[in-house]
Amino acid sequence: MSKSAKILLASVLKPANETRMYEKFAKSLLKLGEVEIHIAGFTPSKPSPPEQGIFFHTLFSAHRLHFSRFYAQVKLFRTLLKVKPQLVILNTHEILLVSILYKWISGAQLIYDVRENYYRNIRYTPTFPPFIRTLIASGVRLNEILTRPFIDFYFLAERNYEAEFSFTKNKSCVIENKFKNPGLTPARTLNTTIDFSKQVRFLYSGTIAEVYGIFQTIELIKKLHQIHSTTTLTIIGFSPKKETFTKLLSEIQDCPYITLIGGNFPVSHADIVEEIEHSDIGILSYLPNKSTENCIPTKLYEYMSLYLPMVIPPNTLWSSITTPYNAAITYDFIHSSPEELLEKLKRHIFYTSSPEHTTWDSEETKLLKIVSKRLNN
């Protein structure tokens, strides 16, 4: 590896200090030694403290559909020319072309960190008007396919992406979004039970969106609160859609037992971890949707790492991870009744053994091995 190698990680809509880019990738990559890490992305709501060897650059700071988003690519190109990184790890499809242009000029290595199945996300979620979703989704996938010859390697954030994508074949590695353990000792222990004679704190954390079942969660908590007044809910996260946020405020306005942290602004990962530590049950209320059917939410690994009992929808993939440790109860958020869930929660003994393979350590090893090899090419 060349001395003082520079690595730049780039996104447009992700905050520059977003967990995967900063807490996981950037901090892990510092372990290579003699590297300078640059992260370009959205303006963070809470700036991270200065850290030797890590530098932040702002590409975008407006609403996700604001016209200035197009200018973010120009800002990225200028940043690339100024920083002159030997390796670029891009985190979204919309900066593929500008990253390839920089590769042509500089000879830098390009790694595409595929965070989502963008085709499915665009086509099967209501981000864009129905009549243009398929057109936009197809254009994104075509862009990913046509740029394959110029991408040196792919990181895949989900294990099932290896089967879903053709453009990453034979030059990819799965780097999952497992929990970056900051040295916390879980507040809970093995063989945890839920006592409804005391306050029971449910938690919904992460992106606030209809497809992730936020309104099913609220409806469930309202019914549980009627049965057991000790039931509370904390919602912590960010809602990318203003319409969802407005509806959320309306749904919880007369519910003092429901607390919202964030909503119309991003929340730091440290704040989310703190809420996990102080909660009793985590809710993963994803609705059936082709955009998420093969995804493993980061919070599933977070909850398991901190021994937080979970309520999850019927999902074979998720159950294969939680069942060996009795970490979760399965509940159909559309067809099952709150009374049925209560009976399960009262009887269930959570975490009869310690969860394994839920933390970032294994992913870090793979990341460092691949990046070191690329820098030495």
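Which residues do ring pairs link into a cluster? In this predicted model, the members of that cluster are Tyr-112, Tyr-154, Tyr-161, Phe-165 and Phe-167. I shall speak this morning about aromatic contacts, and the structure holds 13 aromatic pairs.

Let me turn to one of these pairs, Trp-104 with Phe-150. The two rings meet edge-to-face, with 5.8 Å from centre to centre and 85° between the planes. This pair links distant parts of the chain, since its partners are 46 residues apart. Trp-104 belongs to helix α3, residues 96-106, whereas Phe-150 sits in the loop between α5 (130-146) and β6 (153-156). As to solvent, Trp-104 has a relative accessibility of 60% and therefore counts as exposed, the cut-off for that class being over 50%. Phe-150, at a relative accessible area of 31%, is partly exposed.

A second pair is formed by Tyr-331 and Phe-333. Their ring centres lie 5.1 Å apart and their planes stand at 85°, so this pair, too, is edge-to-face. Are its two partners buried or exposed? Tyr-331 is buried, because its relative accessible area is 4%, and buried means under 20%. Phe-333 has a relative accessibility of 12% and so counts as buried as well.

Finally, I come to charges over rings. Lys-247 is placed over the face of Phe-215, at 4.3 Å from the ring centre. Lys-178 is likewise found over the face of Tyr-301, here at 5.7 Å from the ring centre.

To summarise the two pairs: Trp-104 and Phe-150 join distant parts of the chain, while Tyr-331 is buried and Phe-333 also counts as buried. Thank you for your attention.

Note on methods: Residues numbered from 1 in each chain as written. Predicted model: local features only at pLDDT ≥ 70, side-chain atom pairs only at ≥ 80, totals over all residues. Heavy atoms only, no water. Phe/Tyr/Trp six-rings, centres within 6.5 Å; stacked < 30°, edge-to-face > 60°. Helix = DSSP H or I, 4+ residues; strand = E, 2+ residues; numbered from the N terminus. Buried < 20%, exposed > 50% of the residue type's maximum accessible area, 1.4 Å probe, protein only. Lys NZ or Arg CZ within 6 Å of the ring centre and 35° of its normal.
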